[in-house]
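Student: I should like a close look at one part of this structure, taken slowly and in order. Please begin with a single helix and the elements that cover it, and then place it among the other features.

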Amino acid sequence: MDDDIELRRLIDTIYSRYHYDFRRYSSASVRRRAVQGMIALGCKTFSGLEELVVQDPAAFTQLLQYLTVQVSDLFRDPGYFRAFRERVVPVLRTYPSIKLWVAGCANGEEVYSFAVLLLEEGLLDRTMIYATDINPSALQAAEAGIYLLDRMRAFTANHQASGGTCSLSSYYTANYGSAVFDRTLRKNVVFSDHSLATDAVFSEVQVVSCRNVLIYFERELQDRAVGLFHDALSLRGFLGLGAKETLRFSRHEMGFDAFDAEERWYRRH
Amino acid sequence: MVPAALGARAGVEAVVVGGSAGAVAALGEVLPKLPADFPPVLVVVHVLPSTPHLLAELFAPRCAMRVLEAESFAAIERGCVYFAPADYHLLVTRDRRCALSIEPPVNFSRPSIDVLFESAAVAFGPSLVGVVLTGASHDGAEGARVIAEGGGRTLVQEPATTEVPVMPAAVLAAVPSAHAVPLAGMASALRAMVMAP
Ligand SMILES: C[S@@+](CC[C@H](N)C(=O)[O-])C[C@H]1O[C@@H](n2cnc3c(N)ncnc32)[C@H](O)[C@@H]1O
């Protein structure tokens, strides 16, 4: 449509003014998200929205909530976590210490899923989890570990389907409609702001889990992100992706072996 | 057979289809009747998240076109039918590839017909045809409006020939230029739109 150029300008301005780089995100989704943000912020055009966010950083903070997609669940796709438990954990057990990077952790659902699983497998004490995202309010929510109690029924079913050995309810306390996850779960979790689009590798890790983030990237940016994972992973380290993501179109496909193709676990070589 | 108003303006480069209750049976009256070299067809059907893969597998053996589940980055090609995977929105990018998203449901649906139609309208403009089949929701009405805004056209299953008329009726109410076509004539109406010079 004719406002393509305006949208491009908005995205360029966000990058130069706030250093959030959406320039190589998949156009269809960015447009959809930007339209939602535009409506929510009471603007009529992308140019109007651009003007607003340039003048008002608070408006940009609001827009960021629309530009990033925070949808997640505990143990989303239970088969993924089951494969991790049954096939990856036995390998990790042989390591003296483990570092796990959850890239694009949203409100923390994936982080608590891994923490619960590793606790059940007796590995949480020797695991360091890096939980990263570009959305500061998501990181805050992730650190707080508080979810609507209404969601726990579905999370519990997922946890069971993933091979959970204890009751999920033993890891949180219910409090006025909220479920507050036990703080000991995040004893070894570092939450930090990190962009797969602009930042560099920060540590060597044995496992990367990056789910439902790459689907929003254009191929080039995907290649950048997978390149980071390749560089961060130790030899024979594990990479897990979302249910509809593969390395098939990636420049780095040759740098990994399929470990559990169905559940999207890969291994670095 | 085809109303004069449906005669081709721009050539048809893609068809987007949406349906809900009763749509799997209705699709069975449409997709198998499309020829192997037909323009690409992208389909959103509201199904339970517990029935993944099924749709593409169900239709593949019955169709002359290649039937696939849509994957991120897959180029949208003539001769192919792309089904939205269960629990993901299907969108079309500016450079005419499939894109998936797990953003929240729209009209209580993921995948949502509006999400597919709106993004496809941006990518294909006047060369897009939307088809709304039987269903009990209003998903698709806003999408059809956006298709019309971009110069594309929309056909709906004649409400009297549906299992549930709500969805096509909502489109007819929202988009004056939408045409109702009986289910039995839908495939030939589409073929005629593609053939017309
Ligand atoms: C749909 S959520 C995925 C949540 C979780 N991983 C899951 O699969 O359930 C996508 C997350 O990726 C984050 N994100 C988007 N762009 C990013 C980038 N360049 N670097 C890191 N995270 C990013 C968003 O802020 C959002 O929290």
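Tutor: The buried residues of helix α6 of chain B are covered by elements of chain B that include the strands β1 (14-19), β7 (128-132), β8 (153-157) and β9 (179-181), together with the helix α1 (23-27). The model is a predicted one, and the description below should be read in that light. The residues of α6(B) that lie buried are B:Leu183, B:Gly185, B:Met186, B:Ala187, B:Ala189, B:Leu190 and B:Met193. An α-helix has 3.6 residues a turn, so residues three or four places apart point the same way. The helix itself comprises residues 183-195 of chain B, 13 residues in number, and spans 19 Å between its first and last C-alpha, close to the 18 Å expected at 1.5 Å a residue.

Two local features of the backbone elsewhere in chain B deserve a remark. The peptide bond that leads from B:Arg110 to B:Pro111 is cis, with omega near 5°. B:Pro111 belongs to the loop that links β6 (98-101) with α3 (113-124) of chain B. In the loop between β4 (80-83) and β5 (89-92) of chain B, B:Asp87 adopts a positive phi of about 75°, although this residue is not a glycine. With a relative accessible area of 25%, B:Asp87 is partly exposed.

Chain A supplies a comparable case. A:Arg264 is likewise not a glycine and has a positive phi of about 65°; this residue is placed in the loop between β9 and β10 of chain A. Its relative accessibility is 18%, and A:Arg264 therefore counts as buried.

The strands on either side of that loop belong to an open sheet of 7 strands in chain A, ordered β6-β2-β1-β7-β8-β10-β9, with mixed pairing. Its edge strands, each paired on one side only, are β6 (189-193) and β9 (256-260) of chain A. On average, neighbouring strands of this sheet are turned by 20° against each other, direction ignored. Within the sheet, β1 (residues 98-103) and β2 (residues 127-133) of chain A are joined by 6 bridges in the parallel sense, and A:Leu100 has A:Ile129 of β2(A) as its bridge partner. Helix α9 (residues 219-232) of chain A lies across β1, β7 (205-210), β8 (233-241), β9 and β10 (265-268) of chain A, and runs at about 140° to β8(A).

Chain A also has an open sheet of 3 strands, in the order β3-β5-β4, with antiparallel pairing. Here β3 (146-148) and β4 (172-175) of chain A form the edges, each pairing on one side only. Neighbouring strands of this sheet are turned by 30° against each other on average, direction ignored. Strand β4(A) is joined by 4 bridges to β5 (residues 178-181) of chain A, the two running antiparallel, and A:Tyr172 stands opposite A:Phe181 in β5(A).

Finally, a helix pair in chain A may be set beside the helix of chain B. The axes of α1 (residues 4-18) and α2 (residues 27-40) of chain A come within 11 Å and cross at roughly 80°. These two helices, α1(A) and α2(A), are therefore roughly perpendicular to each other. In their contact, A:Asp4, A:Leu7, A:Leu10 and A:Ile11 of α1(A) meet A:Val30, A:Arg31 and A:Ala34 of α2(A). By class, this contact has 5 nonpolar and 2 charged residues, with no polar ones.

Note on methods:
Residues numbered from 1 in each chain as written. Chains lettered and ligands numbered in written order. Predicted model: local features only at pLDDT ≥ 70, side-chain atom pairs only at ≥ 80, totals over all residues. Heavy atoms only, no water. Pairing = 2+ DSSP bridges. Axes fitted to C-alpha atoms, helices over the stretch in contact; angles between N-to-C directions. Expected span 1.5 Å × (residues − 1). Buried < 20%, exposed > 50% of the residue type's maximum accessible area, 1.4 Å probe, protein only. Contact = heavy atoms within 4.5 Å. Parallel < 35°, antiparallel > 145°, perpendicular 65-115°, else oblique. Nonpolar A, V, L, I, M, F, W, Y, C, P; charged D, E, K, R; others polar.
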